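Here are a few exercises to help you find your way around a new structure. Have a go at each one before you read its solution.

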Amino acid sequence: MKKLLLFLALLCLLCTACNRNIPEGSLPYATNQQDAAEIYVLRSTDGVFWARMPLNITFNNHIIARLGTGEDVHFTANYGFHDLGISDQIIQFPFERGRTYYFLAAPDDSAFGFGLTVLSENAGRQLVQRYSDVNK
């Protein structure tokens with residue numbers, strides 16, 4: 001019983017720590033589509049414990065989507081440096097004009113338990129065909 005209570009307390013602490021006050025935002029949309037970068041963020045189907053919790057996807061410090069296992073979100077953004085992240089883990093990435101980028105949010109060995117990985121265009125296209133698009 002003590003182990004169960006300890007586990008539940010740690011779970012509550014983890015959930016609270018992962019939900020910092022990030023403002024909600026809408027999906028980005030590039031002002032000039034010819035110069036835009038197309039961005040896909042996919043959530044891995046790996047992981048048993050984490051699979052039930054939605055994962056916040058942030059762009060320029062605003063939550064733009066909450067992905068469940070096997071879901072993806074796509075959007076366009078103006079080229080240049082932008083912050084892309086999952087909850088508290090943020091990477092600043094240089095997006096180029098006219099390119100398509102694929103990112104996979106998957107379990108890793110970090111303290112948060114998830115990380116973002118840049119996928120090749122071929123691997124990204126294959127996963128997008130199998131995953132559910134939250135934009136629809």
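Contact here means heavy atoms within 4.5 Å. One thing to keep in mind: the model is predicted.

**Exercise 1.** Find out whether Ser44 is buried or exposed, and which residues Ser44 is in contact with.

*Solution.* Start with the location: Ser44 sits in the loop between strand S1 (36–43) and S2. Next, take its relative accessible area, which is 5%. Buried means under 20%, so Ser44 is buried. Finally, skip the neighbours within four places in sequence; Ser44 then touches Thr69, Gly70, Leu104, Ala105, Ala106, Pro107 and Tyr131.

**Exercise 2.** Work out the strand order of the four-strand sheet and name its edge strands.

*Solution.* Go across the open sheet and you read S3-S2-S5-S6, with antiparallel pairing. Strand S3 (62–67) and strand S6 (89–95) each pair on one side only, making them the edge strands. From one strand to the next, the twist averages 25°. Now zoom in on S2 (residues 55–59), which pairs with S3 over five bridges. There you'll find Thr58 opposite Ile63 in S3.

**Exercise 3.** Do the same for the five-strand sheet, then find the helix that packs on it.

*Solution.* This open sheet runs S8-S7-S1-S4-S9, and its pairing is mixed. Its edges are strand S8 (114–119) and strand S9 (132–133). For a parallel pair, look at S4 (residues 71–78) and S9, joined by two bridges; Asp72 stands opposite Asp133 in S9. Helix H2 (residues 121–130) packs on the sheet, touching S1, S4, strand S7 (100–107), S8 and S9. The direction of H2 makes about 70° with that of S7.

Terms used: Residues are numbered from 1 along each chain as its sequence is written. This is a predicted model: local features need pLDDT of at least 70, side-chain atom pairs count only at pLDDT 80 or more; totals for chains, interfaces and linings use all residues. Side-chain values use heavy atoms; hydrogens and water are left out. Two strands pair if DSSP finds at least two bridges between them. Axes are lines fitted to C-alpha atoms, for helices over the stretch in contact, and angles run from 0 to 180 degrees between N-to-C directions. Buried means under 20% relative accessible area, exposed over 50%, partly exposed in between (1.4 Å probe, protein chains only).
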